Amino acid sequence: IGRRHGDTDTDADLGVIRTQLDRCKAVVDQLLVGAGDPSASGFERRSLDSLVREAIGLWSKGSPLAVDVTDASEGLSIEVPRIAFGQALINLLENAREAQEENGSAHPIAVRIRREGTNGVVEIADQGVGLPEDAAHVGDPFFTTKETGTGLGVFVARAVADGAGGGLSYMGRQDGPGTIA
């Protein structure tokens with residue numbers, strides 16, 4: 001907006017908007033503090049495969065899409081806040097479903113679970129519309145490309161992953177349309 005309307009009133013309004021977004025981010029960050037506190041968030045040690053399959057089971061009850069799971073985690077157990085971890089995966093699965101619907105794809109969503117040393121990796125690959133042009137903002141609070149989106153799903157997923165000592169990244173698929181989270 002600031003690039004299109006470079007007047008002082010617009011610049012002042014954008015400053016207020018940025019300040020309010022920072023305040024909103026702080027509120028959401030406070031809500032997510034429990035993701036890093038074992039006493040508040042219910043950290044559990046479980047197999048990565050069982051955590052992922054539990055989240056898929058909860059998510060799939062409301063989705064017409066199938067999920068193909070490939071497990072190469074070698075029975076890896078991880079300690080994470082189980083409910084928050086599951087919700088983060090559900091958020092990412094829902095984004096994948098919506099991207100595929102927008103692209104007209106009914107292919108199964110591919111979930112790959114693997115071990116990297118003592119760490120676990122979960123990849124969710126869709127055949128949707130791919131990353132937006134401003135992909136650097138994916139995961140920013142309130143950034144969305146959807147008409148009805150809140151822009152908090154990826155933000156929350158990233159906060160949960162970070163709070164558990166991991167991370168979240170995105171890349172475009174090399175074998176066709178879509179995204180891998």
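Okay, let me start with one residue, Ser47: leaving aside residues up to four places away in sequence, Ser47 touches Leu76 and Ser77. You'll find Ser47 in strand S1, which covers residues 43-47. Is it buried or exposed, or something in between? With 25% relative accessibility, Ser47 counts as partly exposed, because buried would need a value under 20%. There's also a long-range pairing to point out here: Ser47 and Gly120 sit 73 residues apart in sequence, yet their C-alpha atoms are 9.7 Å apart in space.

Before I go on, please keep in mind that this is a predicted model.

So, the overall picture. The protein has five helices and seven strands. Reading from the N terminus, the order is α-α-β-α-β-β-α-β-β-α-β-β. There are 181 residues, and 33% of them are buried. If you take the contacts with a separation of 6 or more, 67% come from residues 24 or more positions apart.

Now to the helices, beginning with H3 and H4. H3 is residues 48-60, and H4 is residues 82-103. How do H3 and H4 pack? Their axes are 9 Å apart, at an angle of about 55°. That angle makes H3 oblique to H4. As for handedness, H3 passes H4 in a right-handed crossing. On the H3 side, the contact is made by Leu48, Leu51, Val52, Glu54, Ala55, Ile56, Leu58 and Trp59. On the H4 side, the residues include Phe85, Leu89, Ile90, Leu93 and Arg97. Sorted by class, this contact of H3 with H4 has 11 nonpolar residues, one polar and four charged.

H4 has another partner, H5, which is residues 153-163. H4 and H5 pack at an angle of about 145°, with their axes 9 Å apart. And which way does H4 pass H5? In a left-handed crossing. H4 brings Ala84, Phe85, Ala88, Asn91, Leu92 and Asn95 to this contact, while H5 brings Gly153, Val154, Val156, Ala157 and Val160. By class we get eight nonpolar, three polar and no charged residues in the contact of H4 with H5.

A quick reminder on helices in general: an α-helix has 3.6 residues a turn, so residues three or four places apart point the same way. Keep that in mind when you look at H5 on the screen. Which residues of H5 are buried? Val154, Phe155, Ala157, Val160 and Ala161 are. After H5 comes Gly165, with a positive phi near 90°.

Let's go back to H4 and pick out Gln100, which lies in that helix. Gln100 counts as buried because its relative accessibility is 0%. What does its side chain reach? One partner is the backbone nitrogen of Gln127, at 2.8 Å. Another is the backbone oxygen of His107, which lies 2.7 Å from a polar atom of the Gln100 side chain. Again leaving out residues up to four places away in sequence, Gln100 touches a whole set of residues, among them Leu65, Ser105, Pro108, Ile109 and Asp126.

Last stop: Glu74, in the loop between strand S2, residues 67-72, and strand S3, residues 77-81. Glu74 has a positive phi, near 55°, and it isn't a glycine. Buried or exposed? Glu74 counts as exposed, because its relative accessibility is 64%.

That's my tour, thanks for listening!

Key: Residues numbered from 1 in each chain as written. Predicted model: local features only at pLDDT ≥ 70, side-chain atom pairs only at ≥ 80, totals over all residues. Heavy atoms only, no water. Helix = DSSP H or I, 4+ residues; strand = E, 2+ residues; numbered from the N terminus. Buried < 20%, exposed > 50% of the residue type's maximum accessible area, 1.4 Å probe, protein only. Polar contact = N/O pair within 3.5 Å; in protein donor to acceptor, adjacent residues only side chain to side chain. Contact = heavy atoms within 4.5 Å. Axes fitted to C-alpha atoms, helices over the stretch in contact; angles between N-to-C directions. Parallel < 35°, antiparallel > 145°, perpendicular 65-115°, else oblique. Left-handed = near helix turned anticlockwise from the far one by under 90°. Nonpolar A, V, L, I, M, F, W, Y, C, P; charged D, E, K, R; others polar.
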